[in-house]
Amino acid sequence: MLVPAMLLNITAADMVSLVLPRISEQFAASTAQVAWTVTGFLLAFAVGVPFYGRIADRYSLRGLFTVVLAVFAVGGLISALSPGLPVLVLGRIVMGIGGAAVPVLGIVAVMRLLPADKAAVGVGFVAAAAGVGTAAGPAVGGIVGEYLGWRALFWITTAGALALIPAVRRAIADEPPGDSGPFDLAGGVLLGLAAGLLLFGVTQSEGAGFGHPRSWGPILGGVVLAALFAARNRAAAHPFVPPSLFADRAYVAAVLTVFLAMTANLATLVLVPVLIIDVNGLTPGQGSLVMIPGGIALALLAPLAGRVGARGRHAHPVLLAGLAVMGLSTLFLSTVAAGSSHVLVGLAVLGLDVGFAFVITLTTGVVGSVLPPQHAGTGVGIFQGAQFLGAGTGPALFGALLTARESTGAGAVNPFYTGDAPAYSDVFLALTLITALAALAALRLRTAWSPQPTAPSPVDTGAPVK
């Protein structure tokens with residue numbers, strides 16, 4: 001039941017991207033205003049993920065899952081019934097508050113409830129659901145929105161969340177928490193606000209540009225709050241994030257790798273539908289079909305990546321190969337596919353998702369293997385927070401770059417590009433560089449995998465997870 005919960009939650013994050021024009025038309029709102037249906041959800045994610053990671057070490061997973069799925073369903077219901085844009089945005093924020101817990105709790109449940117020799121494969125399935133949801137969000141939104149209307153998206157997610165509550169309660173044992181000690185709540189507030197302000201500033205840059213106070217003001221505020229969090233976390237008697245997490249080089253490398261990889265991945269998955277609708281002239285429903293093969297490949301390959309991670313010996317070369325495939329895919333978009341046949345664009349998306357399947361699964365597996373049991377929730381929360389901060393930053397940052405490049409009317413930076421969409425070529429070339437930076441960070445993970453786990457996890461309870 002963890003896999004459907006993850007799939008539903010991640011799909012909901014970006015499912016409205018292709019129906020924003022219809023929402024804008026119905027509510028007579030600008031593009032910047034309706035974009036808050038995406039931004040509000042992602043902001044709630046960025047703020048909520050670290051908190052859920054911390055409290056996952058203190059409370060029953062069964063109880064937490066029940067509460068957050070109920071909150072998610074309430075948010076979906078508010079969105080489905082919304083009479084105007086402000087209520088719709090409120091509903092999306094409530095959905096984000098509930099949904100932010102699911103990625104953290106899903107990974108923690110696998111780590112806590114499965115033996116070590118099965119946990120890596122379990123992480124693979126959960127990561128597959130997250131990856132498929134990322135790829136499927138725009139596709140599902142485009143198809144359902146075109147034929148059933150955008151409100152149907154929220155009725156479907158509401159019904160799915162309500163159906164999952166009893167299923168999850170049956171699947172997860174009501175085990176005692178791993179850590180009942182105090183923690184620094186003020187530090188957590190600083191961390192959440194810092195992440196939220198940084199993401200808000202970046203998303204504002206897409207419409208206002210980075211030179212506008214609406215962009216650089218929140219970004220500066222986020223940097224200041226992040227510095228205050230770091231200072232408080234060092235001085236607090238019971239820090240919100242245990243300093244030992246940042247002393248582990250493999251953990252820090254995994255966090256940086258997943259942030260950069262997710263930035264490149266989601267920026268590409270959001271901008272590709274815009275490309276094939278604006279440049280190739282496809283409808284949202286047709287454009288969403290281009291994304292489906294990649295999502296299927298990701299679903300099939302992520303569990304395989306989990307098995308590679310469990311064996312350990314070849315995991316690091318496979319991780320680097322996955323990043324290389326991602327980089328070659330964005331380079332192919334920049335050099336050949338952008339502005340060309342939508343079939344070539346679909347092949348590039350397929351390659352991107354194939355590479356990302358191994359990247360997301362193996363980095364998640366590393367985090368699961370290096371975290372001490374008493375800090376599993378906190379560590380996974382920071383890791384997932386970095387992942388979704390990248391998911392929010394990537395589309396906004398590179399969407400702003402796309403707008404800036406289109407306004408200049410200049411030719412493509414890539415000397416090998418000869419198509420008629422130079423701005424898109426430049427954006428995908430920049431995303432290739434982001435993937436290269438992720439590969440540099442991943443080089444530090446060379447010693448993170450043991451040859452073969454043989455001992456059961458010290459936190460294994462033997463409880464079944466479905």
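# Reading the helices, rings and loops

Me: Let's start with Leu220. What is its relative accessible area, and how do I class it?

Reply: Leu220 has a relative accessible area of 48%, so it counts as partly exposed. The cut-offs here are under 20% for buried and over 50% for exposed, with partly exposed in between. Keep in mind as we go that this is a predicted model.

Me: Where does Leu220 sit, and which residues share a nonpolar surface patch with it?

Reply: Leu220 belongs to helix H11, residues 213-235. The general idea helps here: an α-helix has 3.6 residues a turn, so residues three or four places apart point the same way. In this structure, Trp216, Leu220, Val224 and Leu228 make a nonpolar surface patch of about 390 Å².

Me: How do I see that a helix has one buried face? Which residues of H2 are buried?

Reply: List the buried positions, then look down the axis. In H2, the buried ones are Leu20, Ile23, Ser24 and Phe27. Viewed along the H2 axis, they fall within an arc of 100°, so they line one face of the helix. On the face turned away from that buried side, you'll find the exposed residues Pro21 and Glu25.

Me: And what happens to the backbone just after H2?

Reply: Ala28 comes there, and it takes a positive phi of about 50°.

Me: Phe27 caught my eye. How many aromatic pairs turn up in the whole structure?

Reply: A search of the whole structure finds 2 aromatic pairs. The way to read them is simple: a pair of aromatic rings is described by the distance of the centres and the angle of the planes. Take Phe27 and Trp150, whose rings are 5.7 Å apart centre to centre with 70° between the planes, an edge-to-face pair. Phe27 is in helix H2 (residues 20-27) and Trp150 in helix H9 (residues 150-171), so this pair ties together parts that are 123 residues apart in sequence. Phe27 and Trp150 are both buried.

Me: Which ring does Trp150 pair with besides that one?

Reply: Trp150 also forms an edge-to-face pair with Phe154, at 6.1 Å centre to centre and 80° between the planes. These two are 4 residues apart in helix H9, which means about one helical turn separates them. Trp150 and Phe154 are both buried. Put the rings together and Phe27, Trp150 and Phe154 form one aromatic cluster.

Me: Now charges. How many salt bridges does a search of the whole structure find?

Reply: It finds 1 salt bridge. The side chains of Asp426 and Arg405 meet in it, at 2.5 Å from N to O. Asp426 lies in helix H19 (residues 422-442) and Arg405 in helix H18 (residues 376-408), so the contact ties together parts that are 21 residues apart in sequence.

Me: Is Asp426 buried or exposed?

Reply: Asp426 has a relative accessibility of 7%, so it counts as buried.

Me: What about the loop between H18 and H19? Which residues can I look at there?

Reply: Try Phe416 and Val413, both found in that loop. Phe416 is exposed, with a relative accessible area of 64%, and Val413 is exposed at 56%. For position in space, compare the sequence gap with the C-alpha distance. Phe416 and Ser334 are 82 residues apart along the chain, yet their C-alpha atoms are separated by 8.9 Å. Val413 and Val427 are 14 residues apart in sequence and 9.7 Å apart, C-alpha to C-alpha.

Me: Can we do that with a buried residue? Where is Val110?

Reply: Val110 is found in helix H7, residues 101-113. With a relative accessible area of 2%, Val110 is buried. Its C-alpha atom is 9.1 Å from that of Gly368, and the two residues are 258 apart along the chain.

Me: Last one: how do I check the length of a helix, say H5? What span should it have?

Reply: Work from 1.5 Å a residue: the 21 residues of H5 (residues 61-81) should span 30 Å, and the end C-alpha atoms are 30 Å apart, which agrees. The buried residues of H5 include Leu61, Leu64, Phe65, Val68, Leu69 and Phe72. Also among them are Gly75, Gly76 and Ser79.

Note on methods. Residues are numbered from 1 along each chain as its sequence is written. Side-chain values use heavy atoms; hydrogens and water are left out. Patches are made of residues with over 30% relative accessible area and no salt bridge: like charges are joined within 9 Å, nonpolar side chains (Val, Leu, Ile, Met, Phe, Trp, Tyr) within 5 Å. Accessible areas come from the Shrake-Rupley method with a 1.4 Å probe; for residues, only the protein chains shown count as cover. A salt bridge is a side-chain nitrogen of Lys or Arg within 4 Å of a carboxyl oxygen of Asp or Glu. Buried means under 20% relative accessible area, exposed over 50%, partly exposed in between (1.4 Å probe, protein chains only). The expected span of a helix is 1.5 Å times one less than its number of residues. Rings of Phe, Tyr and Trp (its six-membered ring) pair if their centres lie within 6.5 Å; planes under 30 degrees apart count as stacked, over 60 as edge-to-face and the rest as tilted. The arc is that of the directions from the helix axis to the C-beta atoms.
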